[in-house]
Structures are given as structure tokens and as C-alpha cells.
Amino acid sequence: MINLNILSKAYDILKEIPLCDSCLGRLFAGLGRGLSNRDRGRAIKILLLMNIYDYVKKGTTSNVDEVINVLNNMGKVAETTLYELYKKELKYRPCYICGSDLERIIQELSVKVVNCLKELNVRVRSFIVGCRVAKDIIDREENLRYIYNIETSESIRSEIKRELGKKIMELTGLRVDFERPDIVILVSVPEGEIKVNLMPILILGRYWKLGRNISQALWISRSGTRKYPFSIEEALRPLMDSYNASDLVLHAAGREDVDVRMLGSGRPFIVELKEAKNRLLDLTAMAEKVNSLQNVIRISLEREVSRRDVRLIKAEVSRKPKIYKCLILSDQELTANDLKVIEEKFKNIRIKQRTPTRVLHRRPDILRIRKVFEVRTRMMNSHVFEALIKCEGGLYVKELVSGDNGRTTPSFSEVIGKHLKCIELDVIYAHE
């Protein structure tokens, strides 16, 4: 069934207002897919011309001035019909909404974008387009929709973003990616200004810390000197050169103390490279490069992720299970029964911990409750034993051993009545 209401509404609009093909078609953009607004508008005009021609030839329309006005407001597509029916030359009238400049603006913007990308010398794969349209254009479009009760339209901003995106894809071979674009291209209409924003690249990976006294981030003291000789962040710095990035931020799933090694499964992290101009790199090769430049940090790089994954990796770390290997020194001689008591006592038990004395200067004094799932022990000599501790993330393991003068309870020291101290600690499993 033919919807004659479309032609009737288009005729009523064109009686009063000149519109280009795109701006007319955009008013009916919600009616079907697969056509550009320009093609949709031109099709409506052609159907109107056929109907007008038929009515005039049959003598069923008497309002000559109205028909002539409609034909003039259609533009060049009506030129032949206007002359044939009334022997009149077309009076050019610019489009009420865009001034008949929309197609030219999109073409010029696409060329500017290509030239800008060449000047920036970026190697990227994907983009999205953002668009700012002058208020007077937006107001004219909204007034038109309101006056004629149009409910099937889309905005000129949406059309510009889509059509400009098509042009850029055609000219550059880049793809549109709404989730993780490499660049955001911002355009202003009708000024024709463009701005290209390089989005950060976020890469999920894992690190293994094979030495001690290595911080996660570069740590500079108030006096301006290094507090520790090396950091995970510095190990990752070569990625900045490879990706031609302006800065690097490390987002890790928790952290271990500087004197604690990260072994076993490694610790998940996301490295954020800001304003990266080079995206066309192999992650395996990049990890090998980092690993080849030093011998205390090892990394793997798995895949690119989104900003949402940064929030997830930080949120999930707080209570996920971890396994630690702890070397423990006793001030008194140990017995086999001491180790048996520790294994039996610390099975699915909740530990109450106030913020440890050693970090009180930089963290609030609060009470934490964390669970120890299991402890396995092995005697090394009469004063030293090794413990594998499976516990919730966020548990202070050193204080679980020593008790921290009663701030952690129960503790290994408390249950066997001997002063114990963790002398070496390794993380051997962090959550997937």
C-alpha cells in the first residue's frame, strides 16, 4: 500500500520552504533503511513531480502560483518540469536548513581530514566522527519538525557524522569503531574546522617481578631522589617509543610490596598509552622488546581492551583469592606441632586487621576483615619454616604472621606463642 501522506506532507512543506534533497529526505529518514537521505529526498521530489505533471495535464489543479512555488522550492530536479508546464525558468532558492551547502561541506571536510591525518603522521586503524553544528542550523531544523509535526526525521548532526564517516572510510581505508576508536575526528559545521584527538590505547597484560626492592610505579622522594632502583612502570616505558605515545599509565590489579616478588601466574595489568600515533604493532613483539631490555621484569601483552576493563580490573582485585609463599623466622625453636597448629587454626578463618603500623602514615586506620582459606607449612630448620597461604585479596600477609602488636588477630605468632617474622614473601598466584 502506498503511503500518500508522505507526498502530501512533503508538498505542504515545499509550498513554503525550499529544501535540498538531503534535508527533505532527512525528514523521512525513519521510514526504511538502505537509502541515503539525499536519495530519499530526490525520490520524494521525483514522485511529487510525476503527480504534479499528471494533475496539471489533466486540469485537476487550478492553483498555478502554488504549484510554481513548489517547483521552485524543489530546486534543479524540477527545472525541466517547470519549463514544460509553465514555460518559466527556475528561480534558484537555497535550502532553508543548510543553505544548499551540506554536500559541499561534507566533501571539503573529508579532504581536510585526510590531509590532517597525513600531517599528524599517524598509523591508526579506526575512528569515529563527532560533529558540532551551528545553533541557527539546528534551530531551523527543529522549528521545521515542530511546525509540520515530523516524527520520522533524524538530525543533521547524525547525517553529517554518518556521511562524513563513509567518505573518510573510502579515502583512507580506516574503519569506524564506536567501542574503541583510535582517533576521534571532531568537525564544526558550517565553519569547516576539524580537530583530531588521539585516543589512548589500553592493553591487557601480566607482569612477573623476579627481583625485590622494585616498586610498581616510579617512586621519587620529597627530596627528589629515587626511593627504589627500578619499577614496573619503567620496564614498560619502551612501549612509549614504539607506539609514539606522549605518556604511559599503569593500571594494575592490586599491588605487592616493593620487597615482594610476583611469580607464578603473574599479576594482571592494563597499560594505557596516551596519544599513541602508531597502533599497527604486534603485541607479542612488543612484549619481547620489553623483556629483552632488562632481566628482572617479565611481561606478556594479551589484547587491547576498553576503559570499562580498567574499572573492572581494579574492582575485582579487592577480594579475589591469592596464594603467597612466605619464609618465616622464629625467635624461638620451632616444633612440628607449632606448624600443625598453624595449619589447623588457619583453615577458613576470618582475620581482623587494623591498618598495619608500617603504612599508617599514608593510609587511614580502619578495620579490615579478610578470610584465610588454607595454610600449608614446611620446616626448613629449627628457626625457619615456609608457608603457602591462600587468602582473600587485601589481606596483609606480613602482619598475619607477626600479629603487628595485636593489630592483626589471630596471627601465626599469637596461636603458637612465639615471635614470628616474615623475612621473604612471594606472590605465586593472583586472580585470573
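Is Glu275 buried, partly exposed or exposed? In this predicted model, Glu275 is partly exposed, because its relative accessible area is 44%, a value between the 20% and 50% limits that bound this class. Glu275 is placed in the loop between β9 and α11 (283-292). Its backbone has a phi near 50°, which is a positive value in a residue other than glycine.

A second residue with this feature is Asn149, whose phi is positive at about 55° although Asn149 is not a glycine. Asn149 belongs to the loop between α7 (135-147) and α8. Most residues other than glycine have a negative phi, and most peptide bonds are trans. Cis peptide bonds are also found in the chain. One joins Val189 and Pro190, with omega at about 10°, and Pro190 is located in the loop between β3 (183-189) and β4 (193-198). Another runs from Thr409 to Pro410, where omega is near -10°. Pro410 is part of the loop between β15 (408-409) and α15 (412-416).

The overall form of the chain was considered next. The chain contains 15 helices and 16 strands. Its radius of gyration is 35 Å, whereas the globule rule gives 22 Å for 432 residues, so the chain is more spread out than a compact globule. The C-alpha trace spans about 115 × 45 × 40 Å along the principal axes of the chain. Of the 432 residues, 46% are buried. The accessible surface amounts to about 22300 Å², and carbon and sulfur atoms contribute 50% of this area. Among contacts with a separation of 6 or more, 72% are between residues 24 or more positions apart.

Helix α8 (residues 156-172) includes Ile156. Ile156 counts as buried because its relative accessibility is 1%. With neighbours within four places in sequence left aside, the contacts of Ile156 are Arg26, Ile97, Cys98, Leu102, Val133, Ile137, Ile138 and Glu141. For one of these residues, Ile138, the C-alpha atom is separated by 7.7 Å from that of Ile156, and the two residues are 18 apart along the chain.

Ile160 is also in helix α8. The relative accessibility of Ile160 is 1%, so this residue counts as buried. Beyond the neighbours within four places in sequence, Ile160 is in contact with Leu102, Ile106, Cys131, Val133, Gly165 and Val189. Leu102 and Val133 thus appear in the contact lists of Ile156 and of Ile160. Val189, a contact of Ile160, is joined to Pro190 by the cis peptide bond described above. The C-alpha atoms of Ile160 and Arg132 are separated by 9.7 Å, with their positions 28 residues apart along the chain.

Aromatic rings were examined across the whole structure, and the search finds three aromatic pairs. In one of them, Tyr207 and Phe269 have ring centres 6.1 Å apart and planes at 40°, so the pair is tilted. This pair links distant parts of the chain, as Tyr207 is in strand β5 (residues 201-209) and Phe269 is in strand β9 (residues 261-274), 62 residues apart. Both Tyr207 and Phe269 are buried. Strand β9, which holds Phe269, also borders the loop that contains Glu275.

Lysine side chains are placed over aromatic rings as well. Lys87 lies over the face of Tyr83, and the distance to the ring centre is 5.9 Å. The charged end of Lys390 is located over the ring of Phe373, at 6.0 Å from the centre of that ring.

Cysteines were searched in the same structure. A disulfide is a covalent bond between the sulfur atoms of two cysteines. The search of the whole structure finds zero disulfides. Cys20 is in no disulfide, and its nearest cysteine sulfur, that of Cys23, is 3.6 Å away. This distance is beyond the 2.5 Å within which two sulfur atoms count as a disulfide. Cys20 counts as buried because its relative accessibility is 17%. Cys95 is likewise in no disulfide, and the nearest cysteine sulfur is that of Cys23, 3.6 Å away. At a relative accessibility of 4%, Cys95 counts as buried.

Conventions. Residues are numbered from 1 along each chain as its sequence is written. This is a predicted model: local features need pLDDT of at least 70, side-chain atom pairs count only at pLDDT 80 or more; totals for chains, interfaces and linings use all residues. Side-chain values use heavy atoms; hydrogens and water are left out. Rings of Phe, Tyr and Trp (its six-membered ring) pair if their centres lie within 6.5 Å; planes under 30 degrees apart count as stacked, over 60 as edge-to-face and the rest as tilted. Helices (H or I, at least four residues) and strands (E, at least two) are DSSP runs, numbered from the N terminus. Buried means under 20% relative accessible area, exposed over 50%, partly exposed in between (1.4 Å probe, protein chains only). A charge sits over a ring if NZ of Lys or CZ of Arg is within 6 Å of the ring centre and within 35 degrees of the ring normal. The radius of gyration is taken over C-alpha atoms; the globule rule is 2.2 Å times the number of residues to the power 0.38. Contact means heavy atoms within 4.5 Å. Accessible areas come from the Shrake-Rupley method with a 1.4 Å probe; for residues, only the protein chains shown count as cover.
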